[in-house]
Amino acid sequence: MRRRPESEKALPQGKGRQWLKRKRRQALLRWAARSGCPLTYRRCLAVAAVGRGASCHAVARALECATSTVVGAVRRYREGGRQALRDRRESNGRPKVDSTFRERLARVLAGTPEDWGWCRPTWTRELLCQEMARRGLVRVSVATMGRALASLGARLKAAKPIVECPWPGWKRRRRLHELRCLAVHGPDKEPVLHVDEVDIHLNPKVGRDWCLPGHRRVVVTPGNNQKRYLAGALNVRTGKLTWVEGRSKASALFIQLLWRLASAYRRARRIHLVLDNAAVHSSRKTRKVLAQLGERFVLHFLPPYCPQGNRIERVWLDLHANVTRNHRCRTMARLMARVHAYLAARSAQCFASPFLRRTDLRRTA
């Protein structure tokens with residue numbers, strides 16, 4: 001898109017008759033600048049350009065508007081002077097979308113249409129217009145409702161499916177508070193680690209990406225899906241990440257992580273692990289290994305279905321965003337090389353999205 005001209009010099013001059021003198025043109029533009037109205041300033045620019053000999057069609061192309069707009073501005077100036085170039089909508093009354101309208105619209109968006117008696121699970125702009133009119137507010141068009149939603153920062157988002165925790169609210173909040181206090185006020189020589197597992201699929205996760213108009217990303221899937229599994233532990237105080245890889249999401253993967261943590265934190269007398277209630281964390285094989293390791297590991301289980309209490313979940317989200325989403329790796333070995341390179345860079349830089357190059361992949365391979 002071309003940049004709009006900001007002064008008379010950027011407009012075409014033409015070779016026609018100049019019926020507006022230079023001093024009057026300059027006075028007209030100064031008056032337009034003081035008016036503070038962009039529409040008035042545009043009309044004055046059009047009149048000034050046509051007044052010095054330019055054609056209405058050329059001025060319309062330069063201002064990126066219709067030729068009728070330029071012709072109308074010239075006619076209004078000749079009939080009523082510069083005062084006729086003012087925007088006549090200034091006296092239309094109060095705007096329909098005011099602070100009260102936005103406040104009630106935000107209150108409506110806090111719920112679903114079914115909460116307010118409509119037989120529809122999602123909002124549309126037409127339905128929002130109907131709901132606001134039903135509440136006694138002024139009826140607006142769909143386009144006006146779209147601008148009101150944009151002023152609130154509202155946009156279309158995909159719903160997030162969750163499973164509700166079966167515990168009572170007070171019990172769940174108390175447990176999460178105890179785990180946060182453990183991470184903040186626990187002994188300095190006893191690290192607190194958040195533990196979880198993640199699946200890595202050779203079939204890429206499809207996500208959004210920036211594209212030019214008329215184009216869309218194409219991601220070729222390998223067809224036969226392959227899987228690898230990672231078990232990781234995030235130190236909530238230092239940000240250090242420890243992980244292991246396996247071909248199955250069984251107790252052996254978690255036991256492998258326990259031995260890796262015992263080796264990485266040799267000087268720690270006790271290691272606190274915050275984890276979910278997966279079966280591999282409390283299986284018979286896992287309890288046997290924990291008994292062999294003595295009292296070095298203390299397991300702190302989260303409430304059921306509370307992934308927001310495990311900080312390593314954010315690491316897995318960033319892993320998918322930086323590596324597995326829309327990836328083009330044809331083999332699992334190449335994909336896992338990128339996964340290990342990202343986790344190593346994140347652990348070293350403590351940054352959610354480290355910028356990797358091909359040399360970093362070769363270094364970690």
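Colleague: Happy to look at this with you! How many bridges join strand β4 to β5?

Modeller: Keep in mind that this is a predicted model. Strand β4 covers residues 271-275 and runs parallel to β5. One pairing to look for is L275, whose bridge partner in β5 is F301. The number of bridges joining β4 to β5 is 5.

Colleague: Nice. Which strands stand at the edges of the sheet?

Modeller: The sheet is open, with mixed pairing, and its 5 strands follow the order β3-β2-β1-β4-β5. Two of these strands each have a single partner, so one side of each is left without a neighbour in the sheet. Those edge strands are β3 (241-246) and β5 (297-301).

Colleague: Which helix lies across β1, β4 and β5, and at what angle does it run to β5?

Modeller: Look for residues 169-185, which form helix α8. This helix lies across β1 (192-201) as well as β4 and β5. So the helix you want, by its contacts with these strands within 4.5 Å, is α8, running to β5 at about 145 degrees.

Colleague: Let's turn to the helices. Is α5 roughly parallel or roughly perpendicular to α7?

Modeller: The axes of α5 (residues 99-109) and α7 (residues 142-152) come within 10 Å and cross at roughly 80 degrees. Angles of 65 to 115 degrees count in that class, so α5 is to α7 roughly perpendicular.

Colleague: And how many residues of that contact are nonpolar?

Modeller: From α5, F101, R102, L105, A106 and L109 meet M145, A148, L149, S151 and L152 of α7. Among the residues of this contact, 1 is polar and 1 is charged. The nonpolar residues number 8.

Definitions and conventions
Residues numbered from 1 in each chain as written. Predicted model: local features only at pLDDT ≥ 70, side-chain atom pairs only at ≥ 80, totals over all residues. Heavy atoms only, no water. Axes fitted to C-alpha atoms, helices over the stretch in contact; angles between N-to-C directions. Helix = DSSP H or I, 4+ residues; strand = E, 2+ residues; numbered from the N terminus. Parallel < 35°, antiparallel > 145°, perpendicular 65-115°, else oblique. Nonpolar A, V, L, I, M, F, W, Y, C, P; charged D, E, K, R; others polar. Pairing = 2+ DSSP bridges.
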